[in-house]
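Please open the model in a viewer and keep the selection tool at hand. The tour below proceeds stop by stop.

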Amino acid sequence: MPRQPEGPPPPPVVARVRVRFAKRGRLRFLSHRDVARAFERGLRRAQVPMAYSAGFNPHPRISWVGAAPTGAASEAEYVEFALSAPVEPESLRSALDASLPPGLDVLRVVPAGGAPLAERIDASRWQVRLPGVAEPVLRDAVAELLRRDGVEVERATKDGRRRFDVRPAVILADCRAENDTCAILELVARHTTPAVRPDDVLTALDVVAGLRPSAPPEPTRLEQGRLLEDGTLADPLAPDRNDAGRLVGKSSA
Amino acid sequence: MCRRLARMSGQSLFARLEPLLPRVRRPVQYVGGEGNSIVKPWDAAVVRWALMYPDAYEVGLPNQGLQILYEILNEQPDVLAERTYSVWPDLEALLREHDLPQFTVDAHRAVGDFDLFGVSFSTELGYTNLLTALDLAGIPLHADRRDDTHPLVIAGGHAAFNPEPIAAFVDAVVLGDGEQAVLGISDVVRAWKSEGAPGGRTELLARLARRQLVYVPAFFDVTYRADARIEAVRPNRSDIPARPSKHTLSDLDSWPYPKAPLVPLAETVHERMSVEIFRGCTRGCRFCQAGMITRPVRERNIETIGAMVDAGLRATGFNEVGLLSLSSADHTEIGTIATELADRYENDKVSLSLPSTRVDAFNVTLANEFSRSGRRSGLTFAPEGGSERLRRVINKMVSAEDLVRTVSTAYAHGWRQVKLYFMCGLPTETDEDVLEIADLARQVIRAGRKASGHRDIRATVSIGGFVPKAHTPFQWAAQASPEVIDARLKLLRDTVRADKEIARAVGFRYHDGRPGAIEGLLARGDRRVGTVIERVWREGGRFDGWTEHFSFERWERACAAELEPLGASLDWFTTREREEREVLPWDHLDAGLDRDWLWADWQEALRGVELDDCRWTPCYDCGVCPTMGTDTQIGPTGRSLLPVIGVSAGGPAAGGGPKPVDGSDPSPVGSAAPA
Ligand code: SF4
């Protein structure tokens, strides 16, 4: 007879919260696994009453929404926690923020309600700093990219090299100059499969116009959300936000 | 970059480093920012240490020795310590291309800017990585080429108990526990700097040697005989001790470090917090260098351990705690510790582990306590030697009956797998001794099937090649060649495979024996081996502890080129048995062990005579306690864990999570910790 875990089953989920956080500065080099590990430890240090899965190896119930790639900073990462006790969102926010390393910054915590987070996010707005690239050069390359109907690029993934079309994901691409030697690319990209990342767009700019930045580009995700007609993104936490400030758990109990 | 100008600047190099990071594998290992890491203003410190673990970050970060020294030094108001680890070849190439130096991960300062560069060696296979770091730091490889603008390079760690192979590359060596030694060194450096650095680095080294803080290889001359053996090792100054000796920390309860363990952002080899429950071991296993050089046994008491576990968990958010020592089940209060910690954390999803390999039923009881509601996957036992005769030779007294009884208990309590650890190539070993491992495995599988009531039982037999080490009774022994070890293990493997009853139940793990030969060369080598290390490094040798980087051929070639003209060779240093009166390269370094006792114990080994543990039987005069002025410090104290306040009580209190570290609460430590 195989052993069963002793003791009572894990306490039920009484509430869920949604969290927007930023990945900044040198912590942009964290991979998704690194971020997830840091959160698990931060949640323990902050003594957040997490709900756990059952079994011999209980895990805190955390649901991640598509993470920014290693090397990319972000102002708009999202995650959802299941809780076993009611918690006031703002104290959760400040406690968790204080328990995470500087650079993983918790921006907002709201009680979860309505549609799943994943259904409220289908696009990202990116800003990519391109040190060593002059703005007119970037502008020409972007114009060439937008003129095309499709641009195939290749990327090494865990399962070998993969080829895919970048073009359909690019909804908007704008150029600015930070100064004479540094251009800024602003992108709105639809979340396709595979997800088109800023480095894929840069590969596409190389394919269509031979653009090769001499220094590594610095991408930052500024927003995620549902893509609206005018090319802006709807805040995925807006529908939940009216509930903010209430004691999470009490209301849904 | 002009190194001389940059020195003493302590400026952050991060802005220049950052553009390189997207181009290397796992850049997160170079960014620092770990939980509980410390960055101090450069100008606020008088004495500045760069501390290195000379292996990849994922291995080096969890190292307890380095974490302990880092915290102790940074607690001093005018001392600053930062950490650095080996960079992988991809970043090494970029650093060279962009003229950037070896840097610390804390504030990304150049290692060459610091006053002291302390390197902790757990294994000899890190020596080539030392050379990479020195070279990248702009520090001349040879100590005699350095001037007052360069940091003092200080080695420590278990491997430094025979530092002769790296004598040319280091300025000084700390033997033994590093806690008090680094504070003493800081005091001497502080005073010397405040006097305006009189006499330059030679005077500084002389002061450190006179205060018995360090061994300075340059203050000793080695002469050789015509047959290549050492004639004598003599000090070349009269104002220093002729026999530098090891440091021994007494009263571990007063040194509960690390209080706030580092929490890495990158994934590392040990994703847990460690608390060192005692240091030293007097079981007297004759092959075990750690047991010999860390004597006597000094326990932390149950209260300190409980407080360290509690404070460490609060400070880190880890959910796994390892209770470390050389033989954790031997702690005099381990039963109470296990039960009370298991009670305390039962509902907290904190898992506890005890890396103990003792073959007895009590050990299984402890493991059961620690896995009350967790999975019972595997338990490891270490009989070390295949035959009873061989186990008497190595003084690891475990009978086949003990082993069968122990594994039966384990399988009966729901453990699914047992791992058995053995060594091959032990002194006096024959093919028959090794083949007895197959018999043991058969008995274990049979016992497991009987105790569990089903056939699906697995055991793993894991085998390591034996490497004789300095300051042990086997320091005179001939090391078995990789060919001998490989042949014996092939025989064993074939025997197990041919045995239908167990062939599929026994897994077999054995690593290539050739790195062991090089480890043996470096472990018992003398100063002439330094040229071999340097040649290997110049020909590209890096990360020798990693199979994919280690090249036996490169080491063989370098040995042939550097040693054979001197009448020595790789074999001469490894497979040659030494005579009683031969001067060993480390004889002038005092680990406290009486040389005559070591020799007598070696002779007893050859006769197969065992020796009891001096914790439970009278002292057998190994020499350590009187020489070092220390005593065995053990319980039981009869105390219990002190209650802790509010573990996981309630949710996040309004107003921030528990902030780590105020320095007043004791917290975790791990394995023994020389500089
Ligand atoms: S001197 Fe005696 S008591 Fe001390 S460690 Fe050696 S044998 Fe044990």
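**Stop one: a helix pair in chain B**

In chain B, helices α18 and α19 are oblique to each other, because of the angle at which their axes cross. Angles under 35 degrees count as roughly parallel, over 145 as roughly antiparallel, 65 to 115 as roughly perpendicular, and the rest as oblique. Select residues 529-538 of chain B for α18 and residues 552-563 of chain B for α19; their axes come within 9 Å and cross at roughly 135°. Here an axis is a line fitted to C-alpha atoms, for helices over the stretch in contact, and angles run from 0 to 180 degrees between N-to-C directions. Helices (H or I, at least four residues) and strands (E, at least two) are DSSP runs, numbered from the N terminus.

This is a predicted model, in which local features need pLDDT of at least 70 and side-chain atom pairs count only at pLDDT 80 or more, while totals for chains, interfaces and linings use all residues. Residues are numbered from 1 along each chain as its sequence is written, chains are lettered from A and ligands numbered from 1 in the order in which they are written, and side-chain values use heavy atoms, with hydrogens and water left out.

The crossing of α18(B) and α19(B) is right-handed (the near helix is turned clockwise from the far one by less than a right angle; anticlockwise would be left-handed). Next, show the side chains: among the α18(B) residues in contact (heavy atoms within 4.5 Å) are B:Val532 and B:Ile533, and among those of α19(B) are B:Trp555 and B:Leu563. By class, this contact of α18(B) with α19(B) comprises eight nonpolar, one polar and three charged residues. Ala, Val, Leu, Ile, Met, Phe, Trp, Tyr, Cys and Pro count as nonpolar, Asp, Glu, Lys and Arg as charged, and the others, Gly among them, as polar.

**Stop two: a second helix pair**

Select residues 431-452 of chain B (α15) and residues 482-498 of chain B (α16), whose axes come within 9 Å and cross at roughly 35°. This crossing of α15(B) and α16(B) is also right-handed. B:Val434 and B:Leu435 are among the α15(B) residues that meet α16(B), where the partners include B:Leu489 and B:Leu492.

**Stop three: the ligand**

Which residues are around the ligand? They are B:Thr282, B:Cys614, B:Cys619, B:Tyr620, B:Asp621, B:Cys622, B:Gly623, B:Val624 and B:Cys625, each with a heavy atom within 4 Å of it.

**Stop four: backbone details**

The peptide bond from B:Tyr257 to B:Pro258 is cis, with omega near -5°; B:Pro258 is in the loop between β7 and β8 of chain B. The bond from B:Arg295 to B:Pro296 is cis, with omega near -5°.

**Stop five: chain A**

Colour domain 1 (15-113) and domain 2 (120-234) of chain A separately; the bounds come from an automatic or database domain assignment. Their C-alpha centres lie 28 Å apart.
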